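Please read the following report alongside the sequence and the coordinates. It begins with a local detail, then turns to confidence, unusual backbone geometry and a helix pair.

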Amino acid sequence: MATPEQTRPFDAASAAVSLIRFQAAMEQIHRYLACHAAGIPVPDASQPEQAREPLPESLESPESPDGARFAALRHWYGFPSGGGFRPALTRPDFLPDFLGTGHHAARVLAGRRPPIPLPLEQVSGRVLAEAIRADRDQPPFARATRDGFAVRADEAAAGQTLLVTGHLRAGQRFSGPQGSGVLAPGEACEIMTGAAVPPGADAVVMVEHCEQFSNCIRLAAGRTLAPGENIVPQAAEARAADLLVPAGVRLRAAQIAVAAQNGYRELSVVPRPRVAILTTGDELVPHTQQPGPVQIRNSNAAMLAALVQAMGGEAIVLPPAADRADALDASLQQALTADLLLVSGGISVGRYDLVEDALTRAGARFFFGGVAIQPGKPVAFGQLPRPTRPNPVHPNPAQANPGHSQARPMPFLALPGNPISSAVTFHLFAAPLIAGLAEDVEPQPRFALAQFTGSWHGRPGLTRFLPAACDFSASPQVRLVPWQGSGDLAALARSNCFLAIADDADSIADGSMVPILLA
């Protein structure tokens, strides 16, 4: 087997030829998504650059919309990075750069299914397809941020006694004692937080900073007041037609509140990516069935379906495939109407690991066939050709995707069969693919930093992602979860993250700051 440093050509014909490093595997994923976003075939990295097909002029021009979307491809990272929405941060050197400049531009736009309009009450967790814009200035009036008195700042700051001529609460308009609608010199108006500041006033003095007597007020001794104090000016947050939430953002409470504030009854969202899940193995029985002495229940299908749904995808669980060539061939054909295929098991080098051969027979183009990580080393990424029309063998014809009549290749990930290996490789490789297909601009996979409790010793050579538990407190601490190998589902259930260990590390001391992969 090749060393981790020997990165295979991008279009290698066999998946089990070499092992690539974790960083290289992530770049392959991002490279694929960048090309998918630009609507072009994935280039053949084994050819010299001068021999590759030239790019369309519209993609070469940075001034064109297509060129802007394609800018990320220059650095082979593509979509799920966050780009200009997030500041740079210090990260461990062995983790890929998910926050580079401009990468958010390369969402999957080419050949996508039409957006779906949904009522505001149903969009939580969906990805926004069309931007939210301000329907008027925000705030639409100068807004008081404190309970107090609206005044002219120069009069109050000079210690002048001011006559209180009105009272305003949120939702009221100031009329004034003579109906002028303007605060006259020498006057003040009592005002509540959130109310519109009356014309003529340029500051709000807080109640606790005033001396009050009869129907007059005066700024308390030793207090100062400047123009604009305790006021949010009209249009300070946004002007009418300003962009408030760009397309590609996953809708949560704050974004939904902004949409409601601006009068949206419904929003256009991206259709959920359809992810086919194929588990393999003669030993599998349905989780509802009593297993025999040497059988196991099919837990991976349920786990992967839950992970897909948590990422905003639509899980299509196919019947398990036996370890036979004909069974695998038929199952792969069933999956071709999906947006992404996840295969669990059968991808290693044992006598009955037949998935790679089945993918090859189906015309697979492999992008990588093994990654120097633990657990999860035998993982393959590539794409399969589709028939020109949706396949009638789909397990549910109502779910068949009519958007694939152009026979665009279907990406696939073949994951290890052991459950912890499947979970790790899903978070590392499937999560960014699903995010890209959903046009989600949030970076995937997600990492954080925590203080390590305990100690670890091991051999360098593999990037490790070990089951761990983090308390996610104000000063987060993380510890390893004892486990009996990558088949230990009980250990996985006790963990809520994975400790990420660089491939050149041989120990981690107690108290070290460490990166964790969020689960």
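## Surroundings of alanine 220

Leaving aside neighbours within four places in sequence, alanine 220 is in contact (heavy atoms within 4.5 Å) with His209, Cys210 and Glu211. Alanine 220 lies in the loop between β9 and β10, where helices (H or I, at least four residues) and strands (E, at least two) are DSSP runs numbered from the N terminus. At 17% relative accessibility alanine 220 counts as buried, a class defined as under 20% relative accessible area, with exposed meaning over 50% and partly exposed in between (1.4 Å probe, protein chains only). The C-alpha atoms of alanine 220 and glutamate 208, which are 12 residues apart along the chain, are separated by 8.6 Å.

## Basis and confidence

This is a predicted model, in which local features need pLDDT of at least 70 and side-chain atom pairs count only at pLDDT 80 or more, while totals for chains, interfaces and linings use all residues. Residues are numbered from 1 along each chain as its sequence is written, and side-chain values use heavy atoms, with hydrogens and water left out.

The pLDDT, which is the predictor's confidence in each residue on a scale from 0 to 100, averages 83 over the protein chain, and 79% of the residues score at least 70. It stays under 50 over residues 1-17, for which the model has 51 contacts beyond four places in sequence. Over residues 390-395 the pLDDT is also below 50, and this stretch has 14 contacts in the model beyond near neighbours in sequence. Where pLDDT is low, the predicted coordinates should not be read in detail.

The secondary structure of the protein chain comes to 10 helices and 28 strands, and buried residues make up 50% of its 519 residues. Of the contacts in the protein chain with a separation of 6 or more, 73% are accounted for by residues 24 or more positions apart.

## Unusual backbone geometry

Two cis peptide bonds and two positive phi values are listed here with their places in the chain.

| Feature | Value | Place |
|---|---|---|
| cis peptide bond, glutamine 138 to proline 139 | omega about -10 degrees | proline 139: loop between β2 (132-133) and β3 (143-144) |
| cis peptide bond, glutamine 444 to proline 445 | omega about -5 degrees | proline 445: loop between α9 and β22 (447-452) |
| positive phi, serine 214 | phi about 50 degrees | loop between β8 (210-213) and β9 (216-219) |
| positive phi, alanine 241 | phi about 80 degrees | loop between β10 (231-232) and β11 (243-245) |

Serine 214, which has a positive phi although it is not a glycine, counts as exposed at 80% relative accessibility. Alanine 241, likewise not a glycine, is partly exposed, with a relative accessible area of 48%.

## Packing of α6 and α9

Helix α6 (residues 299-310) and helix α9 (residues 419-437) pack at an angle of about 30 degrees, with their axes 11 Å apart. These axes are lines fitted to C-alpha atoms, for helices over the stretch in contact, and angles run from 0 to 180 degrees between N-to-C directions. The helices α6 and α9 are therefore roughly parallel to each other, a label for angles under 35 degrees, whereas those over 145 count as roughly antiparallel, 65 to 115 as roughly perpendicular and the rest as oblique.

The contact is made by Asn300, Met303, Leu304, Leu307 and Val308 of α6 together with Pro419, Ser422, Ala423, Phe426, His427 and Ile434 of α9. The residues of this contact divide into 8 nonpolar, 3 polar and no charged, where Ala, Val, Leu, Ile, Met, Phe, Trp, Tyr, Cys and Pro count as nonpolar, Asp, Glu, Lys and Arg as charged, and the others, Gly among them, as polar.
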